[in-house]
Every structure is written in structure tokens, then in C-alpha cells.
Amino acid sequence: MRQLKQIQAQMIVSARIHDNFAASRLLSFCALSNSGDLNYALHVFHNTQRPNTFMWNTLIRAQASSSNPSQALFFYVNMRRLSVVPGKHTFPFLLKACSNSHSLESCTQVHTHVFKFGLELDLHVLNGLIRSYSVSGAIVDARELFDEVHDINLSIWTTMISGYAQNFCSNEALQLFDQMITDGTEPNEVTLASVLSACARSGCLDLGERIHVFMKNKGIEMGVILGTAMVHMYAKNGAILKAKQVFNDMNEKNVATCNAMICGLAAHGHAEEAVYLFRELEREQILPNDITFVGVLSACCHAGLIELGRDIFYSMRKYGIEPKIEHYGCMVDILGRGGKLLEAEELIKEMACKADVVVLGALLGACKKEGNIEIAERVVRKILGLDPNNHGVYVVLSNIYAEAGRWEDVLRLRKVMKITKLKKEPAWSLADADI
């Protein structure tokens, strides 16, 4: 950014800053580059006398992928207030913002503008609409749009199949995948990886297995991208043996592949194998990343490997990785399950980032197991400081008091819950009707 600001200074001195083409290149780097700065891009934009449509689109695109995608929608509103006419490139970026913010209301509003500007037949725009409706849970609306498309391309097939998978409609996803093949559309590596990723997120094992069979029948090579997606899909769906088979058969692996396998092994009780695979990374000269450590620390937690977990946690900086809140959460859980509550509490105090309810909740759960009222009371105060309406901490602390025979404290907590009208939120679960 320092060099870019120097270039901008030269542009101002030479009056080239008023050349929209040159200014748009400057804006594009600020907004979209990994080395850029979105806030500075907005500063450049607001100091441009007559920004063109490319500049508006660039900032909508950048904001759609930001941590606050709804800003892209507000930006579009300002664009229309200034009577700037959107083009066919505007709406795909705008619809990405709708997808990332999971806003069905925004999607329907953008859809009306698509009609208003006569872009309802543009395939890129249609693809964005189908994805946005799917992500927002309006899968019926997405399918209605899909059925109206006369010339369905591979991207639209992929979006609709992935949409079904993400909305737990495994039968529909399977039927549409078969229909795509029957219609003569051959999925490519990107399509298959995208659908496998959707299967992993939604627990759609049937479709994942169907894709695996298709790949074998077509002789499609299990490269790094597809192999990683396949391992991740099987591991997330609990088919750990199939995940291991795919992993072992792969000729080439990267850290993402190993992460998928380590996290899968850890989640399904294969802690020793997860730790062994972590050790194998060093021998194969694959550098672990922060996700790798979350997986292996989780494995240590499930297996009660306190010393090993502690060694791995404190080795992170050796790889240039600063522990994040997820790593601290795993480590607190490891120490708590091992009865080392004071050490866990001290670790929370040493955290560079502020402990959240999840990390503190892990310690509170350990306090309940060990019957440690003193630490539990301190943890509850911290949790209530973050989430004053958290009913769960009162219930846990009340149970700890009850197990210690401190009935006056139990009654006191129940009165607090009654006065503040705290109620337990109902839980929910998902069951596959085909099982």
C-alpha cells in the first residue's frame, strides 16, 4: 500500500488522477488485492469526481466478499440514488452479497431490479439468483428459476445441485445430478469439487458416493483438489474408512488434504491415527497451518492426551503460527478434562484475544465434573459479562451447588432465573428420513 500511495501522489501531481481509467486501476488494486485496503479504496472512490460503472462494480464486488457483505447492498442503493445505471456485471456481485449475508429479502429485491433492467435472461445473473435463493433457504424459488432457463450451462447445473445438497434435499440432488449426465453435460473437476463440498456441509453422503462412482466409471483422476474434497466429504459424513482409503490412494497431497483427514479422524475418535498423521507431516515436509493444529488438539482432547496436547500447543509458534481462540479453546478443554483447572484458568488469562463463551464454557463444564465451585463462580461471572441472558450457566452452577449440598445457593439461583425470566431455548436435531 505504501508504494501504491506513492503512485497515487504522482497521479495527483500529474493530474492523471482525473483520468477514470487510471483511477479505476488504482481503485481495483486497493479494493480487491490481498495487499489492498478496502477503506482506502472507499477514500479513493469518494474523492473521484465522476466515478464510472466499473468503479461502482469494483467496490460492490469487494464489499460482497468482505466481513460485512450487506454494505454492498447499501452501496448499490446509493448508486441508484445518483441515477447510475447498473450493468450485467453489477448484479452477479450484488447477488453474491445477498448469498454471503443469507438475506432472502435482499435477494427478492435485487431480483426485481434484474427484471427492471432487462437482465433476467443473462446466464451469469440467473446463476447468481439461483445461488442466492438456495443459500437463503428458498430452494423452491431457486428450482423455479432453474426450470425457466432455456440453455442451462455447467455452472447453473452445479449451483442447483449444490443448492439441493446444502438444503438437505439429497434425493433431489441425486436426481438432478443424474439428469445432468443424461442430458449430456459432463461435470468438470470444479463442478465435482463444489458439489462434494456441499455434500460435506449438509451430510449428503448418498450424492457424494454417487459422484465417487461416477469418477471411477469415467476414469477421472483423483487429483489434489478432488481428492481433498472427497476425503472431506467422507470424513464429515462419518464414513471414516472410505475417507482413509481415498486419502491413502492419493498420489499427491497438500496440507488441506491432511487437515481434512486429521480433523475427520479426531472427530470420530481415532485420536492416535490423527496424531500419527500430524507427525507424518514433518517427515513429508508439509508445513501445518492453524487448521491442522485445531484438528490434532481436538484429537488430544478426545483421547485425554494432556502432555502431548500441551507440547503440540506450545510448538505452534515454532511454525510461525500464533494461537487463535479455537486453539485456546481446545487447550482449555484438554486441561479441564485432565482436572488441571487452575492451569486452564491461567491460560485463559494469558490469551492475547478475549475469551469467548465457548472457551469459558469448556472450563465451566470441567468445573462441574471436578466439583470446583470457586473457579466455577469466577467463570460464570465472566460468561454473564459477555452474555447476560445466558440461562445455561445458571443451570450448570445450580447443579454444581446441588452436588455439593449447597441448597440455599440452588434456591438463590432459581429465584434469579425466575425474576429475570430466563428460559431454556429449545434444541433441535436433524434426522435423515431415508435411514
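Glutamate 374 is exposed in the predicted model, with a relative accessible area of 55%. Its side chain takes part in a salt bridge with arginine 378, in which the closest N and O atoms are 3.2 Å apart. Both residues belong to helix α23, where four residues, or about one turn of the helix, separate them. Arginine 378 is partly exposed, at a relative accessible area of 24%.

Arginine 378 also forms a salt bridge with glutamate 345, with a distance of 2.8 Å between the closest N and O atoms. Glutamate 345 is located in helix α21 (residues 341–350) and arginine 378 in helix α23 (residues 373–386), so this pair ties together parts that are 33 residues apart in sequence. Glutamate 345 has a relative accessibility of 4%; because the cut-off for burial is under 20%, glutamate 345 counts as buried. Arginine 378 is thus bridged to a buried glutamate, Glu345, and to an exposed one, Glu374.

A further salt bridge joins the side chains of aspartate 178 and arginine 210, at an N to O distance of 2.7 Å. Aspartate 178 is part of helix α11 (residues 170–182) and arginine 210 is part of helix α13 (residues 205–218), so the contact ties together parts that lie 32 residues apart in sequence. Both partners are partly exposed: the relative accessible area is 30% for aspartate 178 and 26% for arginine 210. Salt bridges also link Glu377, Arg406, Asp409 and Arg412 in a network. The count of salt bridges comes to 18.

With respect to the overall fold, the secondary structure consists of 25 helices and zero strands. The C-alpha atoms fill a box of roughly 75 × 60 × 50 Å along the principal axes. The protein has 435 residues, of which 45% count as buried. Its accessible surface is about 23,200 Å², and carbon and sulfur atoms account for 52% of this area. Of the contacts between residues at least 6 apart in sequence, 58% join residues at least 24 apart.

One pair of residues gives a separation across the model: the C-alpha atoms of arginine 25 and valine 393 are 53 Å apart, with the two positions 368 residues apart along the chain. Arginine 25 is placed in helix α2 (residues 20–32) and is partly exposed, at 38% relative accessibility.

Pockets were also examined. The largest pocket has a volume of about 590 Å³. It is lined by 30 residues, and those closest to its centre are Ser99, Asn127, Gly128, Arg131 and Thr159. Helices α6 (90–101), α8 (123–135) and α10 (154–166) are the elements that each give two or more residues to this lining. By residue class, the lining of the largest pocket comprises six nonpolar, 19 polar and five charged residues.

The second largest pocket holds about 400 Å³ of space. Its lining is made up of 21 residues, with His232, Lys236, Asn259, Ala260 and Cys263 nearest the centre. Two or more lining residues come from each of α14 (224–236), α16 (255–267) and α18 (290–303). Helix α16 gives the most to the lining of this pocket, with seven residues. The lining of the second largest pocket divides into 10 nonpolar residues, 10 polar residues and one charged residue.

Backbone geometry is notable at two loop positions. Serine 83 has a positive phi of about 65° although it is not a glycine. This serine 83 is found in the loop between α5 (70–81) and α6, and its relative accessible area of 57% makes serine 83 exposed. Phenylalanine 168, likewise not a glycine, has a positive phi of about 65°. Phenylalanine 168 is in the loop between α10 and α11 and counts as partly exposed, at 48% relative accessibility.

Technical notes:
Residues are numbered from 1 along each chain as its sequence is written. This is a predicted model: local features need pLDDT of at least 70, side-chain atom pairs count only at pLDDT 80 or more; totals for chains, interfaces and linings use all residues. Side-chain values use heavy atoms; hydrogens and water are left out. A salt bridge is a side-chain nitrogen of Lys or Arg within 4 Å of a carboxyl oxygen of Asp or Glu. Buried means under 20% relative accessible area, exposed over 50%, partly exposed in between (1.4 Å probe, protein chains only). On a 1 Å grid over the protein atoms alone, a cavity is a set of points where a 1.4 Å probe fits but cannot get out, and a pocket is an open set with protein on both sides within 12 Å along at least five of seven lines; lining residues have an atom within 4 Å of a point. Grid points are joined across faces, edges and corners, and a volume is the space filled by probe spheres set on the points. Ala, Val, Leu, Ile, Met, Phe, Trp, Tyr, Cys and Pro count as nonpolar, Asp, Glu, Lys and Arg as charged, and the others, Gly among them, as polar. Contact means heavy atoms within 4.5 Å. Accessible areas come from the Shrake-Rupley method with a 1.4 Å probe; for residues, only the protein chains shown count as cover.
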